[in-house]
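Colleague: I'm new to this one and would like to learn how to read it. Could you walk me through it piece by piece?

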Amino acid sequence: MGILPIKGQSSYFPPKMKSSSKVRFGIIGCSRIAKKAMLPAINDAELAEIGMIGSRSKERALDYCKKFGCSSYGNYKDVLSNDEIDAVYISLPVGMHEEWTIKAAESGKHVLCEKSSTTSLDSAKRMVEACRKNGVRLLEGFMFRYHPQHKRVISLVKQGALGDLLSFYGCFGFPFPDDNDPKLNKGLGGGSLNDSAAYAIYASRMIFEEEPLSVACRLKMDSKLGIDVKSDIFLAYANGKAAFISSAFGAYFQSTYSIWGSKSHLRVKRAYAVPKDMNTSIFLDADDKISEIIVEPEDHFRLMVDDFCREILNKGKNKKNFESDLLNQARVLEAARLSNREGRIVKISELP
């Protein structure tokens, strides 16, 4: 589902773990998503535990420690210098991901980095190279891919329920963020493309199980903020398949995708932002009859954490290429930026 197996000998030689059964996480950044979803997921995970919390604010770090039962806290550098920490979860604005991923890698820490991974393809390459050089793993935190509803969708596709795949339609948007939200800060990598369109782009790659051939993108810019507040993207895939992506700030909430095939049409009601106590529904429209498939609640953040830890604890015998997946996603986003800037269709093959 987007993450390809590693062929041949892995080039990763992970640093010695402090525990053979659990990965001890240091938290870099006390964001809302960390508080709401990721820290609870790490606490609930089978293979992980919170070892230290880092923030620019001592008071905020202490508050998070009390809430999540952690006794150690400090600033970001303190987390990286802690020999008891095996991996870090980076929950900072997109524009800060490269700096702290590289610093974490150089400190011998595995990295689970919030999405989007960074602001450019060159930046993504530097992040991956630093992790490879220091023998640590790097995962871009698209948690939604782990929700069981998508496995069900892919199973239906493989069973031929949709026939030949024709098009993918992905939509993710929501009301305008608060004024102080990093999503609106150009210097911190804000904008709708990095923040929300990236989900639907990833979903199309996941469903088609391949990379797009070319990208056409139009971004609506906010002249005062200097960021894109709406994106419309066309991805051309092999054999005539296509993906249409739309995202927006200041919109009626949508978090969905649909797939059109030669035999039927499928729609996922809630695709990306899914609370762990929420049922999800897959609607299959075939032969003039719509069937609803209900998928029971699941914490896709917890599933992601355990999958990442499982790879780390495999001690170099890795099965998934998180890093190449991150680069492939970054390449599509870079093509979208270039397409918008130059007003043309950009072939993925143009980007090394």
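Colleague: Let's start with strand partners. Which residue stands opposite Y73 in β3?

Modeller: The general idea: strands of a sheet pair through backbone hydrogen bonds, either parallel or antiparallel. Here, I53 is the residue opposite Y73 of β3. Strand β2 (residues 48-54) and β3 run parallel and are joined by 2 bridges. For the labels, helices (H or I, at least four residues) and strands (E, at least two) are DSSP runs, numbered from the N terminus. Two strands pair if DSSP finds at least two bridges between them.

Before we go on, this is a predicted model: local features need pLDDT of at least 70, side-chain atom pairs count only at pLDDT 80 or more, and totals for chains, interfaces and linings use all residues. Residues are numbered from 1 along each chain as its sequence is written, and side-chain values use heavy atoms, with hydrogens and water left out.

Colleague: What is the strand order in the open sheet of 6 strands?

Modeller: Read across, it goes β3-β2-β1-β4-β5-β6, with parallel pairing. At the edges sit β3 (73-74) and β6 (138-140), each pairing on one side only.

Colleague: And how is the sheet of 9 strands ordered?

Modeller: That open sheet has mixed pairing and runs β14-β13-β12-β11-β7-β10-β9-β8-β15. Its edge strands, β14 (289-295) and β15 (346-347), each pair on one side only. Strand β8 (residues 214-222) pairs with β15 in the antiparallel sense, over 2 bridges. There, V215 has V346 of β15 as its bridge partner.

Colleague: Which strands does helix α7 touch?

Modeller: Helix α7 (residues 192-208) packs on the sheet and touches β7 (165-174), β8, β9 (227-236), β10 (242-249) and β11 (254-261). Its direction makes about 155 degrees with that of β10. Helix α9 (residues 322-342) also packs on the sheet, touching β8, β9 and β15, and its direction makes about 65 degrees with that of β8. Contact means heavy atoms within 4.5 Å.

Colleague: How do I read two helices packed together?

Modeller: Two packed helices are described by the angle between their axes and the distance between the axes. Axes are lines fitted to C-alpha atoms, for helices over the stretch in contact, and angles run from 0 to 180 degrees between N-to-C directions. In this model α7 and α9 pack at about 120 degrees, their axes 10 Å apart. That angle makes α7 oblique to α9; angles under 35 degrees count as roughly parallel, over 145 as roughly antiparallel, 65 to 115 as roughly perpendicular and the rest as oblique. The crossing of α7 and α9 is right-handed: a crossing is left-handed if the near helix is turned anticlockwise from the far one by less than a right angle, and right-handed if clockwise. Among the residues in contact are L193, I201 and R205 of α7, with D325, V332 and R337 of α9.

Colleague: Where else is there an oblique pair?

Modeller: Try helix α1 (residues 32-44) and helix α2 (residues 58-68), whose axes come within 11 Å and cross at roughly 50 degrees. These two are therefore oblique to each other, and α1 passes α2 in a right-handed crossing. The contact joins K35, L39, P40 and N43 of α1 to D63, Y64, K67 and F68 of α2.

Colleague: Now burial. Is Y169 buried, exposed or partly exposed?

Modeller: The general idea comes as cut-offs: buried means under 20% relative accessible area, exposed over 50%, partly exposed in between (1.4 Å probe, protein chains only). Y169 lies in strand β7 and is partly exposed, at 33%. Leaving aside neighbours within four places in sequence, Y169 is in contact with F244, T256, Y257, S258 and W260. As for β7, 7 of its 10 residues are buried, so the strand is largely enclosed by the rest of the structure.

Colleague: What pairs with β7?

Modeller: β11 pairs with β7 in the antiparallel sense over 8 bridges, while β10 and β7 pair in the parallel sense over 8 bridges. S167 stands opposite W260 in β11 and opposite A242 in β10.

Colleague: How many residues of helix α4 are buried?

Modeller: In α4 (residues 97-106), 7 of the 10 residues are buried, including H97, W100 and I102. Their cover includes α3 (76-80), β4 (87-90), β5 (110-113), α5 (121-133) and β6.
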